[in-house]
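Got your viewer open? Load the model, and let's take a short walk through it, one selection at a time.

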Amino acid sequence: MTSHTEPTGNASKPILVFPGGMPRSLEYLQKCRSEGRAVIGASSLEYDVSREQYPDWAFLPYVTQPGFDEALKQAILKFDIGGIFSPNAVVWDHLNRVLKDVAPGVHLMNDSPVNAELSGYRAARNHASALLNRPLSISADKAIRPPMSEIELAALFRHAELIPGMCDHEKICALCEIARYSATGDIVEIGSWWGKSAFILARLARCYGIGKLLCVDPWTNEGIVSKDANAMVDRAFSQVDAGEALIVFEMNLLPYNSNHVNYLRMLSTDGAKYYREHRRAATPSFGTTDYCGHIAILHIDGNHSYDSAKADIEAWGEFVVDGGWIVFDDYVWPFGDGPQRVSDEFLESNRSRVATAFVMGSALFIQLSTGD
Ligand SMILES: C[S@@+](CC[C@H](N)C(=O)[O-])C[C@H]1O[C@@H](n2cnc3c(N)ncnc32)[C@H](O)[C@@H]1O
């Protein structure tokens, strides 16, 4: 099988998309439209509902029928086709074999659909084996828990990849590792947005039996304003809908909830008061979740202004148990130094309590000493 690296085809000629109605075909149609490339849809159905979406259309026999190659040749000549996109594995394989004879110079625009669908899974498996082969040596202390299995870790990487958000690969690896060194207790995340890091924490909570996950986020457009140094972050986020972000969060987390995930739709400071008084979160989507009231892992990823990050650690820091972790997101942040100033001040004033601290990805990871 030949492998393809998205050729441009003859850029001035139209691309034939066949079968035109598959989801990947329609995604490709949008891509061509945004790039201003001409597209012809094609199908073997007498009436294909996707037909209306294409500016031009061709009927082709099924690839299994004897007249297919000749009909394809005629369509290529008629529309002066420069390349073909096919997300159907059987059609793609057939075209990959015959195109050089049927229409020399016309190329497939996409890699093998099987490879394309599997590439994310293969990458996740590679990430899992790399992390298991080279675990972080976090401190002199031994990890409390053995690593999760390679297939569990691969699943975590794969599913994390499918959730949009702001949690880089290095940070995911570090989260996976610190979970093995963590005390038990609640996991609290300040700032969850669409739920990418929350998903990772939910899986780690479950796989390592650490405790339950509580996400605290107001999911309001005012809350996302970070007062970054040159207002670029705020401008970019002024377009987004925070209410929709909560729905996306719920869609991302619900499938992974085993009665151990919930949220407080509040500012972190109000959330801390609520947590102290009730140790409970009740929402229509996740039901009621009771928490133990002390924190094993505190992930601070809310508003990145100095004042907000300072208020976050002041409101929540006291709940973190000995041997627990505090993760300051965006310690290294090109848009401002709020998280870094707050974490450096925390390190300075808690020297005697800090067992280990390191930066990985853009986050700072701090473990409090066990007190032994
Ligand atoms: C950078 S996003 C979080 C990204 C997320 N952790 C991820 O993995 O993609 C920041 C989030 O902090 C929330 N936020 C802003 N101010 C907050 C506050 N005072 N308390 C809690 N969350 C806050 C915002 O609503 C937003 O959802």
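Which of the 22 residues around the ligand come nearest? Select Gly 165, Gly 191, Ser 197, Gly 302 and Asn 303, and you have them. Keep in mind as you look that this is a predicted model.

Now widen the selection to the shell around the ligand and colour by residue type. You should get ten nonpolar residues, nine polar ones and three charged ones.

Next stop: Asp 330. To find Asp 330, go to the loop that runs between strand E12 (320-328) and helix H12 (338-349). Is Asp 330 buried or exposed? Asp 330 counts as buried because 24 C-beta neighbours sit inside 10 Å, and the cut-off for buried is 20 or more.

Who are its contacts? Leaving out residues up to four places away in sequence, show His 304, Pro 339, Ser 362 and Ala 363: Asp 330 touches each of these.

Keep Asp 330 selected, add Arg 33, and draw a distance between the two C-alpha atoms. The viewer should give you 36 Å, for a pair that is 297 residues apart in sequence.

Finally, clear everything and zoom out to the whole protein. In cartoon view, look for twelve helices and 14 strands. The C-alpha trace spans about 80 × 45 × 40 Å along its principal axes. Colour by burial, and 41% of the 372 residues count as buried. One last thing to try is a contact map: among contacts between residues at least 6 apart in sequence, 71% join residues at least 24 apart.

Notes: Residues numbered from 1 in each chain as written. Predicted model: local features only at pLDDT ≥ 70, side-chain atom pairs only at ≥ 80, totals over all residues. Near = placed C-beta within 6 Å. Nonpolar A, V, L, I, M, F, W, Y, C, P; charged D, E, K, R; others polar. Helix = DSSP H or I, 4+ residues; strand = E, 2+ residues; numbered from the N terminus. Buried ≥ 20, exposed ≤ 12 C-beta atoms within 10 Å, placed from the backbone. Contact = placed C-beta atoms within 7 Å.
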